[in-house]
Amino acid sequence: MRLFWVVFIFLTSSVLAATSEPINPKPIIPAPITPELIVPKSMKATVEIVRVADALWRAEYCFDTPVEMLKFGRPIKAMRATHWSTPTKGLNLTHTDGTAQLQPTVGGTFSCGIINIIPFTDLPDEADYYVFTPFSDGSMTLFTGHLVPTAYIGGVWYDVDFTATYKARSGERVVAAEPDKLGYQFVYFGALAVVETKEAILIIDPIMPASVREKILTGLTKTNALLPKVFGYRVPDKYQIFMAASNLEKNNGTSIKGGALSHQIRFTLVGRGTLRLAETQPLFYPKLAVHETLHLWQNDVWLEQLSGPRQWVHEGGADAIAYEIMRLSGLYDAAAYTSKWQSVEQNCAKLLGSTSVHGGTEAGYYDVFYECGAFANYLVGAALNQTDPGAGILIFWKAMAAWDKEIIMNTDNEGLFFLTMKKLGLRDVQEQALRLFLSEQPDNPEKAIASIKRVFGVMPSKSPVQAEAQGAAQPAL
Ligand SMILES: [Zn+2]
């Protein structure tokens with residue numbers, strides 16, 4: 001039992017940690033430019049990323065306007081200081097808390113600089129994407145978000161618009177969402193076959209067992225079929241799916257990560273436990289695939305604004321809608337569906353014993369965004385449809401998707417959630433209760449959950465804490 005729990009915790013946290021979204025560095029507003037110092041407001045540059053050898057990549061950055069410094073700000077503590085170096089004469093790479101700066105050793109400016117990169121294949125502590133994921137044949141995908149620098153020139157930091165070239169070794173191919181951009185994407189370097197289906201472009205590790213592959217594809221296909229019916233949304237043509245597997249025989253552990261970016265999903269499996277899971281929890285992989293496909297929808301509809309700054313909004317939303325997709329597609333029967341929502345509530349209560357929802361990142365409990373985030377959706381769903389909160393969740397997300405571009409671009413993700421509650425007629429007292437629930441760690445999580453369920457009118461029959469909620473249901477709205 002104890003062993004099971006350890007594996008479960010590891011599995012859950014690695015799956016959950018997997019889906020953290022890219023941290024887009026906010027542009028720093030340039031100071032007024034004096035006539036003597038004319039620099040472009042939006043800097044353009046080129047980068048060439050080359051797979052030089054099995055375990056060596058090279059990134060060469062070149063600027064039309066010489067720069068004083070490049071800063072790679074998205075931190076990964078265990079990576080850059082040990083896996084990055086510069087062979088460019090006169091340049092120096094320095095490291096601070098997982099970030100790095102490239103600059104001339106003796107001051108001044110430079111136009112081109114090279115960084116040599118040894119692939120870092122560990123799971124980042126920061127709940128970030130894997131930087132590199134190896135396939136069993138030696139090919140790899142690279143997440144380019146850690147290679148995006150800001151540039152310093154004349155006292156001002158600039159975001160840079162990079163035109164990119166990706167080069168694999170001879171006999172290998174490159175597959176990217178935007179092959180001529182740096183940005184935030186997965187880029188594949190290798191010789192595996194590319195399979196095109198009606199919906200997607202697939203690169204699947206040959207050692208990925210058919211049972212896992214088929215379960216993932218089932219989740220993707222069911223979601224693609226239901227999104228037009230439920231939300232009037234069609235997933236983008238030919239999105240890219242990468243499935244990488246390693247150490248399925250040698251390593252007895254279990255690490256499963258899904259990561260979604262715009263028009264791309266990457267699944268990474270490490271360890272033998274990933275195979276056992278396909279047998280012991282047959283609906284685990286389909287649900288994971290549904291969750292990731294919902295991120296494609298979120299990235300598209302909310303113009304990638306939904307992913308920050310409050311993770312419970314997009315992760316909890318993706319989980320909550322995933323349960324509805326699983327139910328509507330018949331993958332969950334009534335018992336599995338009810339039991340899923342009961343475990344969401346119980347897991348949320350457990351997590352609130354260690355952290356608040358907002359404090360999840362700081363406390364290192366990323367699961368709280370998924371479990372309590374989904375629970376928050378359930379509350380809102382219950383207020384909108386007391387007898388079928390799941391149907392209420394879909395009403396809620398249709399209204400979330402109906403905001404115009406300007407509101408989406410100018411409202412943070414949590415703000416949009418509350419704005420939608422208001423639009424749908426939820427009461428102030430419900431908004432206040434949810435705000436408190438998200439920001440404070442309760443002394444007694446079970447009691448706090450029972451209490452907020454009363455505020456949102458959750459019917460006692462839907463509750464695993466029936467005794468406390470008995471007879472306390474309020475009319476919705
Ligand atoms: Zn996710």
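**Overall architecture and packing of the predicted model**

The secondary structure of the protein comes to 15 helices and 18 strands. The model is predicted, and a newcomer may like to begin with a few totals. The protein has 477 residues, of which 43% count as buried. Contacts between residues at least 6 apart in sequence join residues at least 24 apart in 66% of cases.

A convenient place to start is strand β1, which covers residues 43-53. Strand β1 pairs with strand β11 (residues 156-167) in the parallel sense, over eight bridges. Within this pairing, I49 has Y166 of β11 as its bridge partner. Strand β1 also pairs with strand β2 (residues 56-67), here in the antiparallel sense and again over eight bridges. The bridge partner of E48 in β2 is E60. A hairpin of two residues leads from β1 to β2. Both kinds of pairing fit the general picture, in which strands of a sheet pair through backbone hydrogen bonds, either parallel or antiparallel.

Further along the chain, the loop between β12 (173-176) and β13 (186-190) contains E178. This residue counts as partly exposed because it has 15 C-beta neighbours inside 10 Å, whereas a buried residue would need 20 or more. Leaving aside residues up to four places away in sequence, E178 touches G183 and Q185. The C-alpha atoms of E178 and A164 are 9.1 Å apart, with 14 residues separating the two in sequence.

Next comes an open sheet of five strands, in the order β14-β15-β16-β18-β17 and with mixed pairing. Strands β14 (195-196) and β17 (255-261) form its edges, each pairing on one side only. Inside the sheet, strand β15 (residues 200-204) runs parallel to strand β16 (residues 239-246), and five bridges join the two. One of the residues involved is I201, whose bridge partner in β16 is Q240.

Helix α5 lies across three strands of this part of the structure, β16, β17 and β18 (264-270), and runs at about 20° to β17. The helix takes in residues 284-301, 18 residues in number. From its first C-alpha to its last, α5 reaches 26 Å, close to the 26 Å expected at 1.5 Å a residue. Of the 18 residues of α5, 15 are buried, so the helix is largely enclosed by the rest of the structure. Just after α5, L303 takes a positive phi of about 50°.

Another helix to follow is α9 (residues 367-384). All of its residues, 18 of 18, are buried, so α9 is largely enclosed by the rest of the structure. Its end C-alpha atoms are 26 Å apart, which agrees with the 26 Å that 18 residues should span at 1.5 Å a residue.

Helix α6 (residues 311-328) is one partner of α9: the two axes come within 7 Å and cross at roughly 70°. Helices α6 and α9 are therefore roughly perpendicular to each other. On the α6 side the contact is made by Q311, W312, V313, E315, G316, G317, D319 and A320, and on the α9 side by F369, Y370, C372, G373, A374, A376, N377 and Y378. By class, these residues comprise nine nonpolar, five polar and two charged.

Helix α10 (residues 389-401) is another partner, its axis coming within 7 Å of that of α9 and crossing it at roughly 95°. Helices α9 and α10 are therefore also roughly perpendicular to each other. Here α9 contributes N377, Y378, V380, G381, A382, A383 and L384, while α10 contributes P389, G390, G392, I393, I395 and F396. The residues of the contact of α9 with α10 divide into nine nonpolar, four polar and no charged.

Helix α10 itself has 13 residues and reaches 18 Å between its first and last C-alpha, close to the 18 Å expected at 1.5 Å a residue. Its buried residues include P389, G390, G392, I393, L394, F396, W397 and M400. Among the elements that cover the buried residues of α10 are α3 (210-231), α6, α9 and α12 (413-423).

Terms used
Residues are numbered from 1 along each chain as its sequence is written. This is a predicted model: local features need pLDDT of at least 70, side-chain atom pairs count only at pLDDT 80 or more; totals for chains, interfaces and linings use all residues. Helices (H or I, at least four residues) and strands (E, at least two) are DSSP runs, numbered from the N terminus. The expected span of a helix is 1.5 Å times one less than its number of residues. A residue is buried if 20 or more other C-beta atoms lie within 10 Å of its own, exposed if 12 or fewer, and partly exposed in between; C-beta atoms are placed from the backbone. Two strands pair if DSSP finds at least two bridges between them. Two residues are in contact if their C-beta atoms, placed from the backbone, lie within 7 Å. Axes are lines fitted to C-alpha atoms, for helices over the stretch in contact, and angles run from 0 to 180 degrees between N-to-C directions. Angles under 35 degrees count as roughly parallel, over 145 as roughly antiparallel, 65 to 115 as roughly perpendicular and the rest as oblique. Ala, Val, Leu, Ile, Met, Phe, Trp, Tyr, Cys and Pro count as nonpolar, Asp, Glu, Lys and Arg as charged, and the others, Gly among them, as polar.
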